[in-house]
Structure formats: C-alpha cells, structure tokens
Amino acid sequence: MRILTSAEVRQAEQQALARPDVSALVLMERAGYAVAQFCIAHSRFRSVCVVCGKGDNGGKGLVAARALQAVADEVYVVILAAEAGELSPDTATIGSRLDLNPIWVGDETGFESDALHEALNADLIIDAIADTGFQPPLQGLAARAVAAINAASGTVVSVDLPSGVDGDRTTPIHESGDDLVYANGIVGFIAPRPAHVFAELTSGPVAISEIGVQPALVSNKTGLEATTGQEVGITFPPRPENAHKGLFGHVLVIAGSLGKAGAAGLAGMAALRTGAGLVTVACPRSIQATVASFAPELMTESLPETEGGTISLKAIDRAQALTTGKDIVVLGPGLSTNQETSEFVRRFVAHCPLPLVLDADGLNAFDGHYSELKPRGEAAPFRVLTPHPGEASRLIGVSIKDIQADRTKIARRISTESGSCVVLKGWRTVVAGLSGETWINMSGNPALAKGGSGDVLSGMIGAALARHAGTSANPQPGQPAAPSAAFLDDLHVAAAVYLHGLVADIARDIFHENTVVATDLLDELAEAFRDCESQKDRGLFYLHR
C-alpha cells in the first residue's frame, strides 16, 4: 500500500466522490463499519464510549457507535458540540439516524457532568475527535477531551489517527510535547499516512481500510509503500483446482557447512512451507544425511567440500549444473566464511543464470569485493540481497550507526549500486526494489532476534519468487525484463518479508518472544496465511498486529 500524505489522501477521496456511485455519506458509512469491525476483532468489551468531534471523523464514530449497539450492552456517544447545527452536514445527517441520546459537550463545564464520567468508564473508548489533515496543537474542547480519554482506563481505538497527531509526521511521537491520544489500536482509511508508519503511534494493531477508494490514482510524494496482507494476497493467490507441483517452482538452496546443517534445513523447509512445489538443498557431502533427515520432502545433493566441511571451490561446476531445471537459487545460509567457500560464492554469483537470493555468508563473501556485485545489465536475472545492518556495513564501508540513521537511503543506495532488490533487515525492514519502489515493513518483533530467523526468511523469499517464475523479471537470454515484471518481483519479495514478520507476531502471541525459535515460524505459517486471507476478506489490511 502506498504511503500517502494527508493532502494526497484528500485528493484520492475527492476523485472517488466524483464518481456517480459514491457519496461522502457512503464513504463515511464504510469507514464507520470498518472501525466497528476492528473493535470487535481486537477488544473485549461490554460498554463503549465514542467521543466525536464536529467533523467527518465524528460522523465515522457515530456510524461505529450504531454498529456496535448490536454487540455491546451499553453504547455512549459524546459529541464535542452544543447542538447538531455545529456539526458538518454529513455528520449531522448520520447523527439524525442515531437511535441514541448523545451527551452534548458545548463548553468546559460539560466535562464535569456525571453522565460524561459514566461514559468514560466504558471498557472501550473510540477516539473520533480530530479530522484528517489536522495540524497541532489541539485547542479548547478537543484538548480537554483528549486529556479525559488518556485519563480513562478503557481500551482506546483511534479513528484514522490518534487525535492530536499530524498525519504527515515522520518522527516518533515521544519526541513531541503535543497533546494527543495514546491509542491501543488505530484504523486508518484510504492509505497509510507517514505518521502511521514512522511516528510509533501505538504498540497495538494498526489497520488500513481503503473504503472503496483507489489511492493508486494519485501521486505519491513519499515514494514509499507499506507492506500488508494485501501484498501477500497478490503474491500467493489461491491455488487452481488443477494445480501440480510444477506450477509453484523449484527452489535450489545452496547452504550449510559442518556444524551449520540447520541453516540449510531451515531455508529449505521454509521454501516448502511457503508454497514452493519442489526444493533441492545442495550442501557439503558430510552434512547431506543430516539435512535430509530434517524432512522427507527435501531433496538433497552433495557438493565437494574443504577439509573444514565447507563447500569447496571444486563444487562450482556441480553447483552450476544443478541450476538446470530449477527456477530460483537461495545461496548463503550457514556456508561459513571459509576463504575457499567465499571464492566459490563469488564465482557462482557471477555466472548464475537464475534469479538469486543472496543471504548471510553469501553476502559475507563479498566483504572487500563489493564491486563484484555491480549491475550486470538489463538482461541479467533478478537478484535479491538480504543484509542485516552489520552485513551492510561490511559491504559498503559505512558504520552501523550511519546505516541505522537513514535505513531507507542506505537500502536504496545498495540497490542502485548492486542492481539488486535489497532487503535491509531489522526493525522496520526496508525493501528497496530494482524497479525503484521502496517498501517499509512493520510486521515482526524481537522474537526474530534469534539464530535461524534469517534462514527462514531467505527460503520464504525463494518460494515467493518461485511461485511466479514463469512471469518474473527473469528474461530470456539477451532480453531485458519488462518494468512491470521487475516491480512485481520486488513486490513478491516485500510480501515474503511481511509474511515472515507476521508469523513471528503470531508465534510470539502463542508462546513468548523469549521462547520463539525458528522452527516455530515454520509451524505457524499456516495461521499467517489465514490471517492474510482474512485481511483481504474483511478489507482491513494490517501494517502490524
């Protein structure tokens, strides 16, 4: 989903309203029902208090209040106005359809009423005060209402953005002294704003409902996108009834060394669990039996090895021969930094005829050889690099501190310099595409800070690309890839990154962030796929859970 400024969101809304089948009231109704749906999915409540401003967000709150009457024992509506004549026309229309008696707060004395105090004791509080395009600071009744919400004990869900927040904000809210609502969850509309992604508005779920608007038709000043289950749905559509394993690609994983057979097994199993039709793991001869024992579904091939049990340079011809009949290569997990093995990696990469995911020690092989990753021309197969900040630092000779200071810039730089799609891993993983598009991923949590997590990601990316091997940016020899194909391959990589973070979120909630291990990610992938399908069915796409 493209990250749009507040002005661009308003432009998208105005374009939608120019259609004969769309009205402001229709969009308001859709948004309000999305809020109610979100609340039902994430909160346990018997009582609800909806605090509404005079503008259109207030109208969305009124729609949500009406919808929640069907599931709550008690619904209170607080309107920050003296009477209906002060409301925007559409909000007043929605209010006239409400079969509740709202609590009107026309001045400061209204906050002292017993009725208001009772309402704010509700289990769930919906913040529908400030409108899209709000500019701080809050004033008057709105500021007083925000303070009252923050002092309440109920779960708080904000409509579009927490009241008091500038939607175009790109710095964390804790760096601001502004008055604002501290929300436990947020439902945005049409498209994510910069604040949804960068302002650290909540540790709870953040979802976006497009409410039938097509935001792709407006400009994108940020030049950024956010990943959600929407991208996963595009990358992993339902399998056709007449499917066979050949439709979903054959992934070749070249990985592992003595003592690191697990990395090869994890990458291979991740590719299978993420949907690849076939997976072959090529590894040093001494660990082949160990890798094969991880799962009967994995096919394995042995490669010549060094005395230390790592892949030998003598394996180059065998490895290149193994690319025949395969669709994607995943190279790097657990290879070690043995000098001979690193030379094998560089030679293999230089002549690899297939799309390639280069991970872990595959990247470390280019420490001091970064120039060998330079762009290889328009007809070269698609390539993905997956560095964490330490690996990126070694590749380009920039300190980790400087990398973390502007992750998007660094990811784009490496992408341009290497002619590759770059996955700069870490908190808020950045996917800088070969097409020029850049995605920010908000799924995932500290449970991923454990050995094996990156191996799983590399296999998942391999499966995502293998699923579309017949239509990817893998041109016939001598033929450049179509720009649209490059964009789709970038999107498939971003989708795999989101799915990887989402499965970690699910595993954390089932277990605990301290106890999750990489094999747990494999076990919970089914639930992550179901979650993304549910996002599509509901029209609520989550930036993070």
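The following exercises, with worked solutions, concern a predicted model of a protein.

**Exercise 1.** Determine how the radius of gyration of the protein stands to the globule rule, after stating its secondary structure.

*Solution.* Step 1: the secondary structure comprises 20 helices and 18 strands. Step 2: for 545 residues the globule rule gives 24 Å, and the radius of gyration is 26 Å, close to that value, so the protein is as compact as a globular protein of that length. Step 3: the C-alpha trace spans about 85 × 50 × 45 Å along the principal axes.

**Exercise 2.** Describe burial, surface and contacts in the protein.

*Solution.* Step 1: buried residues, those under 20% relative accessible area, account for 59% of the 545 residues. Step 2: the accessible surface is about 21400 Å², and carbon and sulfur atoms contribute 50% of this area. Step 3: take the contacts between residues at least 6 apart in sequence; 75% of them join residues at least 24 apart.

**Exercise 3.** Characterise the largest pocket: what is its volume, which residues are closest to its centre, and which helix gives the most to its lining?

*Solution.* Step 1: the volume of the largest pocket is about 960 Å³. Step 2: its lining holds 37 residues, of which Ser443, Gly444, Asn445, Pro446 and Leu448 are the closest to the centre. Step 3: helices H17 (453–466) and H18 (483–510) each supply at least two lining residues. Step 4: H18 gives the most, with 7 residues. Step 5: by residue class, the lining divides into 18 polar, 10 charged and 9 nonpolar residues.

Notes:
Residues are numbered from 1 along each chain as its sequence is written. This is a predicted model: local features need pLDDT of at least 70, side-chain atom pairs count only at pLDDT 80 or more; totals for chains, interfaces and linings use all residues. Side-chain values use heavy atoms; hydrogens and water are left out. On a 1 Å grid over the protein atoms alone, a cavity is a set of points where a 1.4 Å probe fits but cannot get out, and a pocket is an open set with protein on both sides within 12 Å along at least five of seven lines; lining residues have an atom within 4 Å of a point. Grid points are joined across faces, edges and corners, and a volume is the space filled by probe spheres set on the points. Helices (H or I, at least four residues) and strands (E, at least two) are DSSP runs, numbered from the N terminus. Ala, Val, Leu, Ile, Met, Phe, Trp, Tyr, Cys and Pro count as nonpolar, Asp, Glu, Lys and Arg as charged, and the others, Gly among them, as polar. The radius of gyration is taken over C-alpha atoms; the globule rule is 2.2 Å times the number of residues to the power 0.38. Buried means under 20% relative accessible area, exposed over 50%, partly exposed in between (1.4 Å probe, protein chains only). Contact means heavy atoms within 4.5 Å. Accessible areas come from the Shrake-Rupley method with a 1.4 Å probe; for residues, only the protein chains shown count as cover.
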